[in-house]
Amino acid sequence: MHDSRETFVRHAFVTGYPVKHSRSPLIHGYWLKSLGLQGSYTRQEVSPEDFAGFISRLKSGESGFVGGNVTIPHKETAFSLADRPDALSEELGASNTLWLEDGRLHATNTDGLGFLANLDAAAPGWDNTARAVILGAGGASRAIIQAVRDRGIGEIHVVNRTVGRAQELADRFGQKVHAHAMGALREVSAGAGLFVNTTSLGMDGEAVPDFDFSPMAEGAVVTDIVYVPLVTPILRQAAEQGFATVDGLGMLLHQAVPGFEKWFGIRPTVDAELRQLILADM
Ligand code: ATR
């Protein structure tokens, strides 16, 4: 006799506008295949005006999806339309992962977990520091500040071109988080064990200013959430100055793990073959 749960084929999506650039189908497709599962994970391009309808068809079961990922520009709306956003997405006001459970639409944000898992895998012990510097104050920065704070890093210095945006984050997250203008970068780096670039600086070969990482602590780790190119100008400069570097591709792979587990019931692993697959697509 067949167990009906075993034969139940599940379907998940990534939605955005546009969504054709998303590498998530490659990641989930790899896991579905390597785990021998029969489900699907497909791109669903949905415009902002159609998004509420898309979510209501998801909630009613009409669309046949068990959940999915949400990317730009729908993360905030997805959060506000979910029945059960978790505490992580409540604080961020944005969700990137949705799933149906007990007839309700649940939501979380896995960017921070992906960030931490990537660093834990590539630079174990990175969190043995009391001070982190985060460059940039957009949506990605928000999730990373939350993750670094939740890991217990005592002082988080957010440096941004528009200092007002950094200040908004400092106000949102409270006394551990401090806002600075770009000119303060060298000064606030003194003794830091972690430097994170969350800006688009260096993406697509664009020139970046010279960074002086020398005031950072010995053994400090420099990471970039940009992964095209894999070795960004910021990572190259940090490596030349003798610091450990961690590229951003692992964050993309690790942030996908919790969603896959919710939709398909098995926790997948981030392995070297998956990394190669994404690199080959770049
Ligand atoms: P995301 O949600 O991906 O983090 P975002 O909200 O557009 O994207 O934020 C992009 C971040 O990159 C911001 O911190 C932005 O600085 P501003 O707030 O001053 O706009 C930063 N950024 C983008 N291009 C930059 C550049 N050329 N120099 C310095 N910072 C830059």
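The following exchange asks how terms are applied to this predicted model.

User: What are the ground rules for numbering and confidence?
Analyst: Residues are numbered from 1 along each chain as its sequence is written. The model is predicted, so local features need pLDDT of at least 70 and side-chain atom pairs count only at pLDDT 80 or more, while totals for chains, interfaces and linings use all residues.

User: Why is Glu273 called exposed?
Analyst: A residue is exposed if 12 or fewer other C-beta atoms lie within 10 Å of its own, buried if 20 or more do, and partly exposed in between, with C-beta atoms placed from the backbone. Glu273 has 9 other C-beta atoms within 10 Å, so Glu273 is exposed. Glu273 sits in helix 13 (residues 272-280); helices are DSSP runs of H or I, at least four residues, numbered from the N terminus. Between Glu273 and Tyr30 the C-alpha to C-alpha distance is 9.3 Å, although 243 residues separate them in sequence.

User: What makes a residue part of the shell around the ligand?
Analyst: Its C-beta atom, placed from the backbone, must lie within 6 Å of the ligand. The shell has 14 residues, and the closest are Gly138, Gly139, Arg161, Thr162 and Thr199. Helix 7 (residues 139-150) gives the largest share, three residues.

User: How is the shell around the ligand divided by class?
Analyst: There are three nonpolar, nine polar and two charged residues. Ala, Val, Leu, Ile, Met, Phe, Trp, Tyr, Cys and Pro count as nonpolar, Asp, Glu, Lys and Arg as charged, and the others, Gly among them, as polar.

User: What makes the 75 residues a nonpolar core?
Analyst: Such a core is a set of buried Ala, Val, Leu, Ile, Met, Phe, Trp, Tyr and Cys residues joined through C-beta atoms within 7 Å. In the largest one, with 75 residues, Ala132, Ile134, Ile144, Val158 and Phe195 touch the most other members. Helix 7 supplies the largest share of this core, six residues.

User: Why is this core said to lie between domain 1 and domain 2?
Analyst: Both domain 1 (4-110 + 256-280) and domain 2 (112-251) give residues to the core, so it lies between them. The bounds come from an automatic or database domain assignment.

User: How many residues of domain 1 and domain 2 are in contact?
Analyst: Contact requires C-beta atoms, placed from the backbone, within 7 Å. Eleven residues of domain 1 are in contact with nine of domain 2. On the side of domain 1 that touches domain 2, helix 5 gives the largest share, three residues.

Methods
Helices (H or I, at least four residues) and strands (E, at least two) are DSSP runs, numbered from the N terminus. Two residues are in contact if their C-beta atoms, placed from the backbone, lie within 7 Å.
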